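Hello,

Here is the structure I promised to send over. Please open it first, then read my notes below.

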Amino acid sequence: AVVSTQSTGEQMVTDVDVSWKDTVRPMLQHFQTRTPGTFFEEEDLHLTWHYRNADPVFGTVQARELQLHLDNYPVEVIVGNKNLAVRSYGVNPSIIIKKALQELVPQG
């Protein structure tokens, strides 16, 4: 995966396995198609399915169903405000940023 650092605009490659995206992306596309008003976005380290513009009851039911499907995969699901974010287990953005900053600062 590629991570951008805001201060320099440079990118670094991390050793985070995001191969799960190839399996999860079609699932999010399926839920987007069957749930009007929803969409998903893809970033380097996670996918997020948004249902804030969907029918409130139907969107919530679909989110619960999607979460049940995702429980069968080796990913972490973060339930947000009218969204579900999916990322690799143990991927914490603050830890990745800290690691990136440590690599940018010269040791010595």
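What pattern does the protein follow, read along the sequence? The pattern is β-β-α-β-β-α-β-β-α. That gives three helices and six strands. Please keep in mind that this is a predicted model.

**Confidence and overall figures**

The mean pLDDT of the protein is 83, and 72% of the residues score at least 70. Residues 1-13 need care: the pLDDT there is below 50. This stretch still has 25 contacts in the model beyond near neighbours in sequence. The protein has 108 residues, of which 34% count as buried. I also looked at contacts between residues at least 6 apart in sequence. Of these, 45% join residues at least 24 apart.

**The strands**

Start with β3 and β4. Strand β3 covers residues 39-42 and pairs with β4 in the antiparallel sense, over four bridges. The two form a hairpin, with three residues between them. Within this pair, Phe40 stands opposite Trp49 of β4.

β4 also pairs with β6. The two run antiparallel and are joined by five bridges. Two positions help to place this pairing. His46 stands opposite Arg87 in β6, and His50 has Asn83 of β6 as its bridge partner.

Next come β5 and β6. Strand β5 (residues 75-79) and strand β6 (residues 83-88) are antiparallel too, with five bridges between them. Val79 has Leu84 in β6 as its bridge partner. β5 and β6 also form a hairpin, again with three residues in between. Look at Lys82 in that turn: its phi is positive, at about 65°.

How many residues of β6 are buried? Six of the six are, so β6 is largely enclosed by the rest of the structure. For β4 the count is four of the five residues, so β4 is largely enclosed by the rest of the structure as well.

**Helix α2**

Gln62 is a good way into this helix. Gln62 sits in α2, which covers residues 56-70. Is Gln62 buried or exposed? Its relative accessibility is 3%, and buried means under 20%, so Gln62 counts as buried. Leaving aside neighbours within four places in sequence, Gln62 is in contact with Phe31, Arg34, Thr35 and Trp49. Trp49 is the residue that Phe40 stands opposite in β4.

Now the helix as a whole. At 1.5 Å a residue, its 15 residues should span 21 Å. The end C-alpha atoms of α2 are 21 Å apart, which agrees.

Which residues of α2 are buried? They are Gly59, Gln62, Ala63, Leu66 and Leu70. Seen down the axis of α2, these buried residues fall within an arc of 105°, so they line one face of the helix. On the other side of α2, Val57, Arg64 and Leu68 are exposed.

What covers the buried residues of α2? The cover includes α1 (21-34), β4 (46-50), β5 and β6.

One detail at the start of α2 is worth a look. A side-chain oxygen of Asp55 reaches to within 3.2 Å of the backbone nitrogen of Val57.

**The loop before α1**

Asp17 lies in the loop between β2 (11-13) and α1. The side chains of Asp17 and Ser19 are joined by a polar contact of 2.8 Å. Where does Asp17 stand relative to Arg87? The two are 70 residues apart in sequence, and their C-alpha atoms are 9.7 Å apart in space. Arg87 is the β6 residue that His46 stands opposite.

**Where to look**

For a quick tour, begin at Gln62 in α2. Move on to β4, which pairs with β3 and with β6. Finish at the β5-β6 turn with Lys82. Treat residues 1-13 apart, with their pLDDT below 50.

Best wishes

Technical notes. Residues are numbered from 1 along each chain as its sequence is written. This is a predicted model: local features need pLDDT of at least 70, side-chain atom pairs count only at pLDDT 80 or more; totals for chains, interfaces and linings use all residues. Side-chain values use heavy atoms; hydrogens and water are left out. Buried means under 20% relative accessible area, exposed over 50%, partly exposed in between (1.4 Å probe, protein chains only). Contact means heavy atoms within 4.5 Å. Two strands pair if DSSP finds at least two bridges between them. The expected span of a helix is 1.5 Å times one less than its number of residues. The arc is that of the directions from the helix axis to the C-beta atoms. A polar contact is a pair of N or O atoms within 3.5 Å; within protein, one must be able to donate a hydrogen and the other to accept it, and residues adjacent in sequence count only if both atoms are side-chain atoms. pLDDT is the predictor's confidence in each residue, from 0 to 100.
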